[in-house]
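User: I am new to this structure and would like to understand the words used to describe it. Please take me through them with care.

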Amino acid sequence: MTTPVSTPTLIAPSAAAQGEAGARTYEVRTFGCQMNVHDSERLSGSLESAGYVRAEAGVEADVVVINTCAVRDNAAGKLYGTLGHLKSRKDAHAGMQIAVGGCLAQMDKDAVQQKAPWVDVVFGTHNMGSLPGMLERARHNGEAELEILESLEIFPSTLPTKRDSVHSGWVSISVGCNNTCTFCIVPSLRGKEKDRRPGDILNEIRLLVDDGAIEVTLLGQNVNSYGVEFGDRLAFGKLLRAAGEIEGLERIRFTSPHPAAFTDDVIAAMAETPAVMPQLHMPLQSGSDRILKAMRRSYRSEKFLGILDRVRERIPNAAITTDIIVGFPGETEEDFAETMRVVEASRFSSAFTFQYSIREGTPAATMADQVPKAVVQERFERLIALQDRISAEENQKQLGRTLEVLVSTGEGKKDAETHRLTGRAEDNRLVHFELPAGSAVPRPGDVVSVTVTHAAPFHLLADAVDGAPLRIRRTRAGDAWDRSQAESCGVPTPAGDAGAPRAVSLGLPTLRVGV
């Protein structure tokens with residue numbers, strides 16, 4: 001079994017990136033999970049290294065890349081609906097190219113081009129760095145390009161990246177998964193788990209911090225099994241502690257762990273590392289032991305609840321979120337009642353709830369006793385009502401608390417109407433806060449201290465009671481935001497400013513060896 005390349009991957013300038021009017025523009029559309037979002041940052045970085053420029057909002061791009069998900073059955077419908085809409089745009093836009101990549105492309109292979117022959121490039125999960133070259137070949141040859149590799153050759157983290165946020169960054173610590181959950185297609189698309197070297201991960205985090213980030217989220221298909229490939233069951237806890245020692249890094253998060261591999265040394269590392277935030281995403285999937293067995297989830301409800309108890313014993317203010325599937329094949333009313341029981345006992349701050357849908361290629365797709373849609377819908381609505389009540393009750397406990405909120409951009413749908421700003425508390429709760437008249441304005445990446453005045457199921461409000469100015473801690477991330485705005489407006493950045501954000505980071509740093 002080969003080990004993927006971990007040295008930086010350089011993307012050469014591409015002749016196809018230049019058009020008659022200058023650099024061609026691109027747009028990346030992301031369907032799916034955080035891993036897909038992170039992959040899209042790598043796709044954007046690769047395109048910009050090749051010479052493309054991101055299209056401005058509302059402006060039709062010369063190249064549209066769709067990074068697909070295959071976890072749910074409606075993924076294909078969403079993709080082909082989008083491609084149908086893009087066909088008319090392409091017909092009217094001379095030279096426009098469409099590329100489809102990610103999990104669905106990996107799974108369906110040449111089906112994409114059969115169903116949508118106007119697509120120019122199809123690539124998989126294992127060869128994202130090939131995109132600029134494939135676009136160039138497709139343009140030069142006047143025909144579609146298809147390239148699907150069966151195994152990973154380079155870690156995606158070695159590719160150039162164009163981050164969407166200055167103050168926060170995703171860091172992939174592993175790719176692939178060794179589990180065999182019967183509802184999940186991911187292992188067959190992403191492959192067996194491959195772990196990056198700890199030194200490479202820590203170097204990437206340092207590079208992000210050098211760019212101004214004060215928050216990172218560690219990513220893995222099964223993030224807490226990190227170390228399985230090199231035989232260290234305690235590796236993830238060690239990684240959390242080591243990351244917590246990086247100067248300038250204030251907030252560490254991770255997703256998604258698996259309950260079966262979640263050990264007490266990780267809980268200790270979370271509790272004893274100040275930079276690790278009091279937040280945990282712990283997928284439940286079902287509260288029924290019988291259904292968990294059918295799902296091949298190698299834990300049971302008692303173990304799951306025990307993990308939550310131990311986390312809260314060490315981190316009393318932890319906010320815990322989860323994933324739940326309703327209507328898995330064979331689920332009875334008694335099984336669903338067990339899920340409701342465990343949800344009530346777990347007191348999740350929020351939950352991502354899904355109605356089971358058949359995913360071709362998974363064992364669950366051919367199981368007997370598929371639950372009727374109407375039954376699934378009714379159970380789903382009951383679960384949503386329960387979790388909404390719990391979320392509201394848990395958020396009510398935040399009233400009067402003073403929270404440290406990392407200011408973000410674009411997370412509040414009505415912020416412009418209410419004149420509020422938005423950010424994330426340390427436990428990752430979404431907080432909308434008022435900007436009192438005459439107060440200084442925080443920048444994205446700054447931290448504000450606010451007091452919660454209202455609680456809703458999905459967010460908190462922090463309005464000024466006495467009109468006092470907002471309490472703002474200006475941060476390195478806020479400084480980086482200022483520099484990025486100056487650069488985007490063509491204002492020169494002071495020479496020798498080592499903290500200035502890089503427009504495109506060229507993979508992993510090659511210095512800082514010996515970690």
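**Two helices and the confidence behind them**

Analyst: Helix 7 and helix 8 cross in a right-handed way, where right-handed means that the near helix is turned clockwise from the far one by less than a right angle, and left-handed that it is turned anticlockwise. This is a predicted model, in which local features need pLDDT of at least 70 and side-chain atom pairs count only at pLDDT 80 or more, while totals for chains, interfaces and linings use all residues. Residues are numbered from 1 along each chain as its sequence is written, and side-chain values use heavy atoms, with hydrogens and water left out.

User: Why is helix 7 called roughly parallel to helix 8?

Analyst: The axes of helix 7 (residues 198-210) and helix 8 (residues 235-243) cross at roughly 30 degrees and come within 11 Å. Angles under 35 degrees count as roughly parallel, over 145 as roughly antiparallel, 65 to 115 as roughly perpendicular and the rest as oblique, so helix 7 is roughly parallel to helix 8.

User: Which residues make the contact of helix 7 and helix 8?

Analyst: I201, L202 and I205 of helix 7 meet L239, A242 and A243 of helix 8, contact meaning heavy atoms within 4.5 Å.

User: What does pLDDT say about the chain?

Analyst: As the predictor's confidence in each residue, from 0 to 100, pLDDT has a mean of 88 over the chain, and 90% of the residues reach 70 or more. Over residues 490-503, however, pLDDT stays under 50, and the same is true of residues 505-515. Where pLDDT is low, the predicted coordinates should not be read in detail.

Definitions and conventions: Axes are lines fitted to C-alpha atoms, for helices over the stretch in contact, and angles run from 0 to 180 degrees between N-to-C directions. Helices (H or I, at least four residues) and strands (E, at least two) are DSSP runs, numbered from the N terminus.
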